[in-house]
Amino acid sequence: MDTKQLLKKVRKIEIKTRRLSDHIFGGEYHSTFKGRGMTFSEVRQYQFGDDVRNIDWNVTARYSEPYVKVFEEERELTMMLMVDVSGSELFGTSDQFKSEVVTEIAATLAFSATQNNDKIGLILFSDKVELYIPPKKGRSHVLRIIRELIEFEPESKQTNLSEALKFLQNVMKKKAIVFVLSDFIANDYHQTMKIVSGKHDVTGIRIYDKREEEIPNLGMVQMQDEETGELMLVNTSSKTVRRNYKKFYYEKVTYYKESFNKAGAGTIDCRVDESYVKKLLGYFKRRG
């Protein structure tokens with residue numbers, strides 16, 4: 001993709017996702033993810049209905065009339081987007097690949113955070129951390145994140161979520177809002193998830209294609225594992241083959257849900273041919 005095409009694609013995603021964050025998600029995001037506490041803002045004259053516990057007695061004594069302290073939410077937060085860039089994200093039988101839906105969701109979340117003046121960072125991972133962009137504020141920073149999501153080419157096609165979570169734990173010393181976007185066809189991350197979720201506010205967003213759930217009966221078919229590159233001839237007419245695949249797939253889904261739920265983290269399931277807008281909005285409302 002040349003520079004002109006890339007910029008055009010970035011702009012298209014910005015227009016779509018910024019409109020969503022401005023009109024739909026901004027307020028929901030703000031009410032869902034609270035700041036670190038309340039900080040002193042100013043002193044003003046007492047008004048009927050004010051909490052008497054907020055009276056500033058020193059100022060009141062000086063001016064011989066009641067004044068109250070005004071507090072505001074200490075808003076600044078940090079959002080970390082952890083995005084799976086392994087080979088399985090290039091799967092898609094509908095109008096979009098999983099990776100394209102991931103980009104749109106990540107951009108929507110990033111613009112929602114920007115609207116609230118929060119910092120946004122990015123971790124792209126396969127079986128290792130492929131790219132780390134430290135948290136910063138601003139539109140230009142979000143556009144850089146979108147560019148990386150569109151054009152980044154990972155060195156590896158395999159997945160190791162546990163390694164990515166360990167990296168997050170090392171680089172993020174303060175509590176962050178963490179969204180992990182993946183299909184979660186991964187193993188052995190339950191314990192790491194528990195540790196990370198104890199410090200950060202974590203939500204997993206599982207993006208999947210309906211054709212991944214089971215193999216249709218198509219006879220002998222040559223298939224390629226997107227993560228290992230291995231080619232194999234599969235007899236899809238075999239009930240055993242189809243049953244074993246379905247069992248394998250749902251074991252991964254169950255592991256994902258149990259790992260996140262037991263760690264106290266949130267989960268969202270989003271099929272590529274469904275509206276991620278409804279899924280995100282529903283999640284924010286439930287949490288808010």
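Of the 288 residues in the protein chain, 46% count as buried. Keep in mind that this is a predicted model. The chain's secondary structure comes to eight helices and 10 strands. As for how the chain folds back on itself, take the contacts with a separation of 6 or more: 74% of them are between residues 24 or more positions apart.

Let's start with the sheet. Six strands form an open sheet with mixed pairing, and if you walk across it you meet them in the order β5-β4-β3-β6-β7-β10. The two edges belong to β5 (129-136) and β10 (266-271); each has a single partner strand, so one side of each is left without a neighbour in the sheet. From one strand to the next, the twist averages 15 degrees.

Now zoom in on the β5 end. β4 and β5 are joined by a hairpin of three residues, and they pair in the antiparallel sense over five bridges. If you want a landmark there, find L124, whose bridge partner in β5 is L131. On to β3 and β4, which run parallel and are joined by seven bridges. Here L81 has L122 of β4 as its bridge partner. How much of β4 is covered? Most of the strand is, with six of its seven residues buried. When you look at side chains along a strand like this, remember that in a regular strand they alternate between the two faces of the sheet.

At the other end of the sheet, β7 (residues 201-208) and β10 run parallel, with six bridges between them. The pair to look for is I207 and, opposite it in β10, C270.

Next, put a helix on the sheet. α4 lies across β3 (78-84), β4 (119-125) and β5, and runs at about 15 degrees to β4. You can check the helix with a bit of arithmetic: at 1.5 Å a residue, its 13 residues should span 18 Å, and the end C-alpha atoms of α4 are 19 Å apart, which agrees. Which residues of α4 are buried? They are H141, V142, L143, I145, I146, E148, L149 and I150. To read a list like that, it helps to know that an α-helix has 3.6 residues a turn, so residues three or four places apart point the same way.

α4 also has a helix for company. The axes of α3 (residues 98-115) and α4 (residues 139-151) come within 10 Å and cross at roughly 170 degrees. Angles over 145 degrees count as roughly antiparallel, and that makes α3 roughly antiparallel to α4. On the α3 side, the contact is made by T103, A106, A107, A110, F111 and T114, while α4 brings R139, V142, L143, I146, L149 and I150. What kinds of residues are these? The contact divides into nine nonpolar, two polar and one charged. Several α4 residues turn up both here and among the buried ones, including V142, L143 and I146.

One last stop on α3 is E104. Is E104 buried or exposed? The cut-off for buried is under 20% relative accessible area, so E104, at 10% relative accessibility, counts as buried. What does E104 touch, leaving aside its neighbours within four places in sequence? E104 is in contact with K16, T17, Q96 and Y276.

How values were computed: Residues numbered from 1 in each chain as written. Predicted model: local features only at pLDDT ≥ 70, side-chain atom pairs only at ≥ 80, totals over all residues. Heavy atoms only, no water. Axes fitted to C-alpha atoms, helices over the stretch in contact; angles between N-to-C directions. Helix = DSSP H or I, 4+ residues; strand = E, 2+ residues; numbered from the N terminus. Parallel < 35°, antiparallel > 145°, perpendicular 65-115°, else oblique. Contact = heavy atoms within 4.5 Å. Nonpolar A, V, L, I, M, F, W, Y, C, P; charged D, E, K, R; others polar. Pairing = 2+ DSSP bridges. Expected span 1.5 Å × (residues − 1). Buried < 20%, exposed > 50% of the residue type's maximum accessible area, 1.4 Å probe, protein only.
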